[in-house]
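Thank you for asking me to look over this model before you begin working with it. My comments are set out below as numbered points, for someone who is seeing the structure for the first time.

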Amino acid sequence: MSYPFLKGHGTENDFVVLPDPDESVHGDLDPERVRALCDRRAGIGADGVLRAVRRDDGWFMDYRNSDGSISEMCGNGIRVFARYLHEHQGEDFPMRIQTRDGVKVLTRDGDGPGLTADMGRPVVHGATQVSVGHLTWAARHVSMGNPHAVAFVDDLADAGTLLDAPGHDPAVYPHGVNVEFVVRRGDHHVAMRVHERGAGETRSCGTGACAVAVATALADDAPRGTAYRVDVPGGTLRIVWTEDDRVLMTGPAELVAEGTTDL
């Protein structure tokens, strides 16, 4: 059976988009199909899959990690999803998209490829720890609908290859965690690497950048509304934690290919 797909990315965090408005094409979306699509040698190659499903009078983003597991939210993915809905389904901005972490609102950022996503209210938990090899760092537990551990390090190379998931406290993160390693680059400017739960190291993580900005703002005692630049290996995201306790993420979203496949 052949079916349509698109390929897109946000700061090089890449996704396969599967149109499936009435859920007649992919059913429950078998994890094996997700893994086959995301395989970078035998498939299309991606960090995850975004399935576009109609729900009531809107659209639902059914996001799956590259290992086939379900995730609550994806920040770069939702911008790519919005780009798809705008260019292929005729949806206009501002756009409301249903996710497993509630409804997210997307708006344009000028005339270019940039979009701004209202990622909702962060939940800041207590301190925890993460480790790679013999190195251990204190970390801040932040939820952006999915779990994050944000650790400030001296050098991003300290995180090693990130081929394996960093060590973490399973009592704090019983279902795994996204781990961000962060260094400061200047005032309100940081850089990060990330190991994403269910995907490994990726070129970017939108929810992770949001968690990093929140953790950095707390460490800086910065006033709400302060804009943070977060550099990721695939580009740059701009994050603002607003006075009304919303996290706004701005970054590019581009569709780069479309076709049909029988994977």
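The points below begin with the chain as a whole and then turn to strand pairing and to individual residues.

1. Please keep in mind throughout that this is a predicted model, and that every value in this note was computed from it. In the chain there are 3 helices and 18 strands, and the points on pairing below deal with some of these strands.

2. On overall dimensions, the radius of gyration of the chain is 18 Å, and this agrees with the value near 18 Å that a compact globule would have with 263 residues. Taken along the principal axes, the box that the C-alpha atoms fill is roughly 50 × 40 × 30 Å.

3. On burial and contacts, 52% of the 263 residues in the chain are buried. Among the contacts with a separation of 6 or more, 60% are between residues that stand 24 or more positions apart, and one such pairing of distant parts of the sequence is taken up in point 8.

4. On the surface and the charges, the chain exposes about 11,300 Å², of which carbon and sulfur atoms supply 45%. The side chains include 26 positive and 40 negative ones, and the centres of these two sets lie 1 Å apart.

5. The strand pairing can be followed from strand S10, which covers residues 147-152 and runs parallel to strand S12, residues 178-186, with 5 bridges joining the two. Within this pair, Ala151 has Phe181 of S12 as its bridge partner. S12 pairs in turn with strand S13, residues 189-196, this time in the antiparallel sense and over 7 bridges, and here Arg184 stands opposite Val190 in S13. S12 and S13 form a hairpin with 2 residues between them, and in the turn His188 has a positive phi of about 55°.

6. Continuing from S13, this strand runs parallel to strand S15, residues 227-232, and 3 bridges join them; Ala191 stands opposite Asp231 in S15. S15 is also joined to strand S16, residues 235-241, by 6 bridges, and these two strands run antiparallel. The bridge partner of Ala227 in S16 is Val240, and the hairpin that joins S15 to S16 passes through 2 residues. A reader tracing the pairings on the display can therefore go from S10 to S12, from S12 to S13, from S13 to S15 and from S15 to S16.7. Several backbone details deserve a look. Leu29 has a phi near 55°, a positive value in a residue other than glycine; Leu29 is found in the loop between strand S2 (13-19) and helix H1 (31-38), and Leu29 counts as buried at 1% relative accessibility. Leu162 likewise has a positive phi, near 55°, in a residue other than glycine. The loop that holds Leu162 lies between S10 and strand S11 (167-168), and with a relative accessibility of 4% Leu162 counts as buried. Elsewhere, Phe93 and Pro94 are joined by a cis peptide bond, with omega about 0°, and Pro94 has its place in the loop between helix H2 (75-89) and strand S5 (95-99).

8. Which residues does Asp118 touch, leaving aside those up to four places away in sequence? The residues in question are Lys104, Val105, Arg246, Val247 and Leu248. Asp118 has its place in strand S7, and the C-alpha atoms of Asp118 and Leu248 are separated by 4.7 Å although these two residues are 130 residues apart along the chain. Asp118 counts as buried because its relative accessibility is 18%, and the cut-off for buried is under 20%.

9. Gly112 lies in the loop between strand S6 (102-108) and strand S7 (114-118). Is Gly112 buried, exposed or partly exposed? With a relative accessible area of 33%, Gly112 is partly exposed. Between the C-alpha atoms of Gly112 and Pro19 there is a separation of 24 Å, and these two residues are 93 residues apart along the chain.

Technical notes
Residues numbered from 1 in each chain as written. Predicted model: local features only at pLDDT ≥ 70, side-chain atom pairs only at ≥ 80, totals over all residues. Heavy atoms only, no water. Helix = DSSP H or I, 4+ residues; strand = E, 2+ residues; numbered from the N terminus. Rg over C-alpha atoms; globule rule 2.2 N^0.38 Å. Buried < 20%, exposed > 50% of the residue type's maximum accessible area, 1.4 Å probe, protein only. Contact = heavy atoms within 4.5 Å. Areas by Shrake-Rupley, 256 points an atom, 1.4 Å probe, with all protein chains shown as cover. Lys, Arg positive; Asp, Glu negative; His and termini not counted. Charge placed at Lys NZ, Arg CZ, Asp CG, Glu CD. Pairing = 2+ DSSP bridges.
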